[in-house]
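Visitor: I would like to learn how to read a structure like this one. Please take me through it.

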Amino acid sequence: MEHERKRTRAWVLHPEIKSDSGRRDAAPALEEAVALAAALPDLDVIGSNVVRLPKAHPGTLFGSGKIEELGSILKAEEIELVLIDGPVSPVQQRNLEKAWKVKILDRTGLILEIFSDRAATREGVLQVEMAALSYQRTRLVRAWTHLERQRGGLGFVGGPGETQIEADRRAIDDQLVRLRRQLDKVVKTRTLHRASRAKVPYPIVALVGYTNAGKSTLFNRLTGAEVMAKDMLFATLDPTMRRVEIPDGPEVILSDTVGFISNLPTELVAAFRATLEEVLAADVILHVRDISHEDSKQQAEDVEAILASLGVDENRARIEVWNKLDQLPEEEAEARRQRAEREDGIHAISALTGEGLDGLLADIAEKLQGVRHEETLTLTFAQGKQRAWLFKEDLVQQEEQTETGFDITVLWTDRQKAKFDRL
């Protein structure tokens, strides 16, 4: 008989700092923070609230009066963990833990906890470990209880020796080097897989978007796969790829990627760069948006900012997918449909019901086909492989045999021509 895992009573705080010019609206930000906390299986979120501050206090984040007020609430509710939706310095964290007698976790720490809980593949586990160690390395000032200790030399040599914090930092650096080597091997394997796919004429269509926008539901609908798709932040962490045949279009590789989020920790962006390289290699990017979310516009801007930081070319073919029409009132859903019809590169859909998918697939096919043009090729008898490929891709319009080989008239796109040249 399994023992039931102990659940931790948690409280979520969203500091709304007036001096922060780039702050998001407090209500949706707090809602997202609570959803993040709910994504961890062992947490019970007892309560949450927005804390308005004129400015952040360097040593404690909150003022003394607010610390006392919140402390009495936390004590009355028997809270064990406080999640602060924003950056908390090591000093602030240590002082708040001392004042409230609870464990403090900031936004970055919480997201790392979720990723650690979700990582399933070897690559995902390695990336999370690296991100967590990079984060921990910057917080050694409070993360260890024995920092004041010092290790002496051989016991008879004078001098203070190596401080514990230096030893801990060196141990983390050594572990990071080992993890990086292991990850490099995984990345090389992924690169080989990508190179082998490049030899096969399958374009790549990558799904990107804010976490919980419905990417995995859309992926499952298009591929018939059974990727985990739940109403939960970061339900999908490890990338999944499937082959899909598009009606009146080519076969494609559809790639489902990790969801983005505002203020995504820099440690995670760096760690997951290898995974997100699939986006860099994609022929078409589908930006999936939860159009029913009140903060949808801000979420879209966050996704675009992360794509830009990854180095995704602005000229890359993109389609904006307005998902979750089924969650809107009919009048509002109809307004979204009409607007999407008027604007190029936007499709209003419901991945859950299948509404709007035919138009989306047609647009993907059009973007992948590109503008086709006619060209006559002269092939020798020795170029049987190239001739076979042209027929296999159904590009041949006319063929005449000559004394040395074949004159073949083809109708193709620049992309297909480039693949032919690589054969």
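Guide: A nonpolar core is a set of buried Ala, Val, Leu, Ile, Met, Phe, Trp, Tyr and Cys residues joined through side-chain atoms within 4.5 Å. Keep in mind that this is a predicted model.

Visitor: How many residues does the largest nonpolar core have, and which have the most contacts inside it?

Guide: The largest nonpolar core holds 35 residues. Those with the most contacts inside it are Leu43, Leu83, Leu110, Val208, Phe260, Val279 and Leu307. At least two residues of this core come from each of strand E1 (8-17), helix H1 (26-38), strand E3 (81-84), helix H4 (107-118), strand E7 (204-209) and H11. There is also a second, separate core of 23 residues, with Ala213, Leu222, Ala351 and Leu357 among its members.

Visitor: What does Val279 touch, not counting residues up to four places away in sequence?

Guide: With those left out, Val279 touches Ala206, Val208, Thr257, Ile285, Leu307, Val312 and Arg316.

Visitor: H11 was named above. Is Asp302, in that helix, buried or exposed?

Guide: Buried means under 20% relative accessible area. Asp302 lies in helix H11, residues 296-310. Its relative accessibility is 14%, so Asp302 counts as buried. Leaving aside neighbours within four places in sequence, Asp302 is in contact with Tyr210 and Ser262.

Visitor: Now a single helix. What span does helix H5 reach from its first C-alpha to its last, and which of its residues are buried?

Guide: Helix H5 covers residues 122-137, 16 residues in total. It reaches 23 Å, close to the 22 Å expected at 1.5 Å a residue. The buried residues of H5 are Glu123, Gly124, Leu126, Gln127, Val128, Met130, Ala131, Leu133 and Tyr135.

Visitor: And how is a pair of helices read?

Guide: Two packed helices are described by the angle between their axes and the distance between the axes. Here, take helix H14 (residues 384-392) and helix H15 (residues 414-422): their axes come within 10 Å and cross at roughly 155°. Angles over 145 degrees count as roughly antiparallel, and H14 and H15 are therefore roughly antiparallel to each other. Their crossing is right-handed.

Visitor: Which residues in H14 and H15 meet?

Guide: On the H14 side they are Gln386, Trp389 and Leu390, which meet Gln416, Lys419 and Phe420 in H15.

Visitor: Finally, the whole protein. How many helices and strands are there, and what share of the residues count as buried?

Guide: The protein has 15 helices and 15 strands. Of its 423 residues, 46% count as buried. Among contacts with a separation of 6 or more, 69% are between residues 24 or more positions apart.

Key:
Residues are numbered from 1 along each chain as its sequence is written. This is a predicted model: local features need pLDDT of at least 70, side-chain atom pairs count only at pLDDT 80 or more; totals for chains, interfaces and linings use all residues. Side-chain values use heavy atoms; hydrogens and water are left out. Helices (H or I, at least four residues) and strands (E, at least two) are DSSP runs, numbered from the N terminus. Buried means under 20% relative accessible area, exposed over 50%, partly exposed in between (1.4 Å probe, protein chains only). Contact means heavy atoms within 4.5 Å. The expected span of a helix is 1.5 Å times one less than its number of residues. Axes are lines fitted to C-alpha atoms, for helices over the stretch in contact, and angles run from 0 to 180 degrees between N-to-C directions. Angles under 35 degrees count as roughly parallel, over 145 as roughly antiparallel, 65 to 115 as roughly perpendicular and the rest as oblique. A crossing is left-handed if the near helix is turned anticlockwise from the far one by less than a right angle, and right-handed if clockwise.
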